[in-house]
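Thanks for sharing this one. Here are a few notes to read alongside the model.

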Amino acid sequence: MEAAALEVRGLTRSYGARKAVDALDLTVQAGDVYGFLGPNGAGKTTAMRCILGLIPYDAGEIAMFGESDPVERRRGVGAVVETPAFHGWMSGLDNLKQAAWYAGLSGKTADTEIARVLDRVGLSDRRDDRTRGYSLGMKQRLGVARALLGKPRMLFLDEPTNGLDPAGMKEVRDLVRSLAIHDRITVFVSSHLLAEVQAICNRVAILQHGKLRAEGAVDALLAAGGDPIYALRAEDPEALRAALALADDIRVLTDEDAAIRVQTARKPAALNAWLHDQGVSLAGLATETRSLEDVFMEAVQ
Amino acid sequence: MSFPLLVQAELLKLFSRPSAKIGLLASLAVGLALPLLAILLVNSGMVVNGVDARSAFSVDANDTLVNALYVRSFPVGIRAFLIILGAQAFAGELAARTLREDLLRPVPRWAVLMAKLVALALWDAASLGLGFFGGALVGIVAFGTEGAWVATALAYSLALLCDVGVIAIVLAIGVLTRSTVATIASLIVFFVLDKMLGWAMLFASTAAMMFTTSEPIIRLLNQWPALPSAAFGSWAFVLADNDWNWVSVSAAGLYTALALLFALLWFRRSEVP
């Protein structure tokens, strides 16, 4: 049986008395697009840095494709941690050249590989420009190109769409999806953008205060929610809020101006009738499917 | 992991830095300036003690190269470029987070640090070589091939070894402070003050011998060649006395080894942002 792409057992890292990562267990199988979720400060970046060997950890075991040596396990792995950094005075091509040499590629192999990754991220025509002049989106793409040097089996992406405009976010999202589907690369992506993760990942882990709160296949987590979810719109939202506060079996998931999303075992007709009895006149009642955001909120509340 | 490839990557980064190019130009300028000044002097028609300057000064190509080496090192000189480049190569890359990108590759940290040291040493060799060959070319054309070439070449080679020690110190301070500015400022100030302390000790030891001073004090003052700035300038003893000052050479070796050991051990457990 093939070893897991990533296996983390009991990973613990403290800063003074605070445990940034607390006995974390993760298993990422080859071929997964694995979402690593958590609110800001949950310990995602610390965990990723420990996994990638950038910072030491207090306890735990980490193996990638069965290799646990801190240096050797990075073989066949590419990573983009936060905003990728480049030598601004050098061209995109030279930045990739030095990265290729660091990756152990030389001569014609390095040249071919650089041309391939530049083409893959659509930066071939800007390769001779100094990276100082690159936009954030271009830097992100060049970072992915650098991570792809040497045809890695696994790619780590830490908040890959941070700071990008909607077009840039879509570009990166499409690229990640394409890498997983066409290049068959296992992807481990950390993000706090839940819709983005739901769109591209097949498995997720949710981290809070350094602890794993939920983990599993996205479909299974969405299906495991149980009760249906309704989006309610009332002519008088205050009256609706007051009525919902009276019911123990109705859970308010989100409360925004446009609609209040609730979860309950009641049927739509029964819910409507009960609200009517409470003096609330509904302008709309729609049944919604559970989103990753709901799973996330349940896990971290 | 291929160490030569890591060195190649570091060389690409280093030699493309504007400060590295300016440093090489400055080295060439110092190398050329001394023979050109000598040419100006002997052809100035100046009369010294009733004698024409051409006869009064015995100048050869070697003298100008030796003087260029002194100028290059006074008090920090071209070595300031080496300190700046060393600080940029480690502390600068740590702060700019480009070091992180390299460490994401399957390379051990000691190899990254050593590759930077080798690349900086090769830049220094290029810098010394430009000064030496540039100066030698002009000097030979103007004054011929006379002179103590072996001692001069030895001094230049020793200067390179001494600079490797300085690079080790720069890397060690960079690993410790993690700041480019702190590394550059602390080392330049340290080397200037240390050189002044060395001069003060030399002066005091000479003065102490003229008066009745206790033997331990004189012995202590005579240890000035072991101070870092004197130790990393051991080549000067070869030129001045045509002999090795083993106290100085040993001190340079010791400082280099300690700095390297410290840098490697400290970096092994350092957090990389």
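The points below take up chain B, then its contact with chain A, then a helix of chain A and the cysteines.

1. A reminder to begin with: this is a predicted model. Everything that follows should be read in that light.

2. Let me start with chain B as a whole. Its secondary structure amounts to 13 helices and two strands. Along the principal axes, the C-alpha atoms of chain B fill a box of roughly 70 × 55 × 30 Å. Of the 273 residues in chain B, 49% are buried. Sequence separation is worth a look too: taking the contacts in chain B between residues at least 6 apart in sequence, 79% join residues at least 24 apart.

3. Now to the interface. Chain A brings 34 residues to the contact and chain B brings 31. Together the two chains bury about 2,900 Å², with 58% of that area on carbon and sulfur atoms. One stretch of chain B deserves a close look here: Leu104(B), Arg105(B) and Pro106(B) account for 24% of the area that chain B buries against chain A, more than any other three residues.

4. On the polar side of this interface, 16 residue pairs are in polar contact between chain B and chain A, counting pairs with both residues at pLDDT 80 or more. Four salt bridges are found across the interface as well. One of them joins the side chains of Arg100(B) and Glu82(A), at 3.9 Å from N to O.

5. Which elements of chain B give two or more residues to the side that touches chain A? They are helix 1 (3-15), helix 5 (79-96), helix 6 (98-103) and helix 7 (109-143). Helix 1 of chain B gives the most, with seven residues. By class, this side of chain B has 15 nonpolar, 12 charged and four polar residues.

6. Over in chain A, please look at helix 1, residues 44-51. Seven of its eight residues are buried, leaving the helix mostly covered. The buried set is Lys44(A), Thr46(A), Ala47(A), Met48(A), Arg49(A), Cys50(A) and Ile51(A). After this helix comes Gly53(A), which has a positive phi, near 80 degrees.

7. Finally, the cysteines. There are zero disulfides over all chains of the structure. Is Cys50(A) buried or exposed? Cys50(A) counts as buried because its relative accessibility is 0%, under the 20% cut-off. Cys162(B), with a relative accessible area of 5%, is therefore buried by that cut-off too.

Methods. Residues are numbered from 1 along each chain as its sequence is written. Chains are lettered from A and ligands numbered from 1 in the order in which they are written. Side-chain values use heavy atoms; hydrogens and water are left out. Contact means heavy atoms within 4.5 Å. Buried area is the accessible area (1.4 Å probe) that two parts lose on being put together, summed over both. A polar contact is a pair of N or O atoms within 3.5 Å; within protein, one must be able to donate a hydrogen and the other to accept it, and residues adjacent in sequence count only if both atoms are side-chain atoms. Helices (H or I, at least four residues) and strands (E, at least two) are DSSP runs, numbered from the N terminus. Ala, Val, Leu, Ile, Met, Phe, Trp, Tyr, Cys and Pro count as nonpolar, Asp, Glu, Lys and Arg as charged, and the others, Gly among them, as polar. Buried means under 20% relative accessible area, exposed over 50%, partly exposed in between (1.4 Å probe, protein chains only). A disulfide is a pair of cysteine sulfur atoms within 2.5 Å.
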